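Here are a few exercises to work through with the structure open in your viewer. Try each task on your own before you read its solution.

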Amino acid sequence: MIDVTKIQQSIWEVLSAIEGYEVVDFIEYDSIEPPFIHIGSIYMDDDSVKNNEGLRVQQYINIYSTYDGKKEVLDMINVVGNAMSNLTIDGRHIHVKQSKASIIIDKDRFSSIFQRTDRNNNKFYHAVLVFELHINE
C-alpha cells in the first residue's frame, strides 16, 4: 500500500528547498505576506493495474505575489515546476506532469492573506498550478 503521508512530506521537502519563498500548507489569518507558495488541495485516484498497485495524485499548488507585474509569479512557477520534477517518494522517482497553470489578479477583500492597504489596493497575483503524480508500487 502506498503511504499517502509520504506524498505530502516529499512535496513539502522539495518545495521547502526553494530559496527566497516561504512555503506553507496552512494560512492563519493575517499571518503571512506574499510572495509565498501554498501547498493546496490534493486528490487521489486508484491507478492500479493487474500486477502493480498505483495511485494518481492531483496536487494543487498556489503561488501569491504582490510584485508589480507578472515577472515574480512567472519566476515562481518555473522554480516550483523544476522542484516538482525532482520529486521522489521512498527513493522512487515519481512521474510528474504539470497539467494546468493559471494566473489571475485577485483582491484580498477580507484580509485573509495579509491585512494592509498598499499601492496595489490589496491586489495580488495568484497562480494555481495542478500537478499530476503517477506513483506505482
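The exercises below deal with a predicted model, and they go from the sheet to the helices, the cores and the charged pairs.

**Exercise 1. Work out the strand order of the open sheet and find which strands lie at its edges.**

Solution. Start by following the pairing from strand to strand: five strands form an open sheet in the order 1-2-3-7-6, and the pairing is mixed. Next, look for strands that pair on one side only; these are strand 1 (22-24) and strand 6 (95-107), the edge strands. From one strand to the next, the twist averages 20°.

Now take a closer look at one pair. Strand 6 and strand 7 (residues 123-136) run antiparallel to each other and share 12 bridges. One residue pair to display is Ile103 with its bridge partner Ala127 in strand 7.

To finish, add the helix that packs on the sheet. Helix 1 (residues 4-16) touches strand 1, strand 2 (36-46), strand 3 (54-65) and strand 7, and its direction makes about 150° with that of strand 2.

**Exercise 2. Compare the span of helix 2 with the expected value, then list its buried residues and what covers them.**

Solution. Helix 2 covers residues 71-84, which is 14 residues. From first C-alpha to last, helix 2 reaches 20 Å, close to the 20 Å expected at 1.5 Å a residue.

For burial, apply the cut-off of under 20% relative accessible area. In helix 2 the buried residues are Glu72, Val73, Met76, Ile77, Val80, Gly81, Ala83 and Met84. Their cover includes helix 1 and strands 2, 3, 6 and 7.

**Exercise 3. Find the largest nonpolar core and trace the contacts of Met84.**

Solution. The largest nonpolar core has 29 residues. Those with the most contacts inside this core are Ile7, Leu15, Ile37, Ile63, Val80, Met84 and Leu133. The elements that each give two or more residues to the core are helix 1, strand 2, strand 3, helix 2 and strand 7.

Now select Met84 and set aside its neighbours within four places in sequence: the contacts are Ile11, Val14, Leu15, Ile61, Val96, Phe131 and Leu133. As a last step, look for a core apart from the largest one: another has five residues, among them Ile32, Phe36, Tyr64 and Phe124.

**Exercise 4. Examine the salt bridges, and for each pair described say where its residues lie and how exposed they are.**

Solution. A search of the whole structure gives four salt bridges. Opposite charges on side chains can pair when the charged atoms come close.

- Lys6 and Asp90 meet at 3.2 Å, N to O. Lys6 lies in helix 1 and Asp90 in the loop between strand 4 (88-89) and strand 5 (92-93), so this pair ties together parts that are 84 residues apart in sequence. Lys6 counts as partly exposed because its relative accessibility is 29%, while Asp90, at 51%, is exposed.
- Glu132 and Arg56 meet at 3.7 Å, N to O. Glu132 is in strand 7 and Arg56 in strand 3, 76 residues apart. Glu132 counts as buried at 15% relative accessibility, whereas Arg56 is partly exposed at 24%.
- Asp75 and Lys71 form a salt bridge with the closest N and O atoms 2.7 Å apart. Both lie in helix 2, four residues apart, about one turn of the helix. Asp75 is partly exposed, with a relative accessible area of 32%.

Finally, check how salt bridges join up: Asp45, Arg56 and Glu132 are linked in a network.

Note on methods: Residues are numbered from 1 along each chain as its sequence is written. This is a predicted model: local features need pLDDT of at least 70, side-chain atom pairs count only at pLDDT 80 or more; totals for chains, interfaces and linings use all residues. Side-chain values use heavy atoms; hydrogens and water are left out. Two strands pair if DSSP finds at least two bridges between them. Axes are lines fitted to C-alpha atoms, for helices over the stretch in contact, and angles run from 0 to 180 degrees between N-to-C directions. Contact means heavy atoms within 4.5 Å. The expected span of a helix is 1.5 Å times one less than its number of residues. Buried means under 20% relative accessible area, exposed over 50%, partly exposed in between (1.4 Å probe, protein chains only). A nonpolar core is a set of buried Ala, Val, Leu, Ile, Met, Phe, Trp, Tyr and Cys residues joined through side-chain atoms within 4.5 Å. A salt bridge is a side-chain nitrogen of Lys or Arg within 4 Å of a carboxyl oxygen of Asp or Glu.
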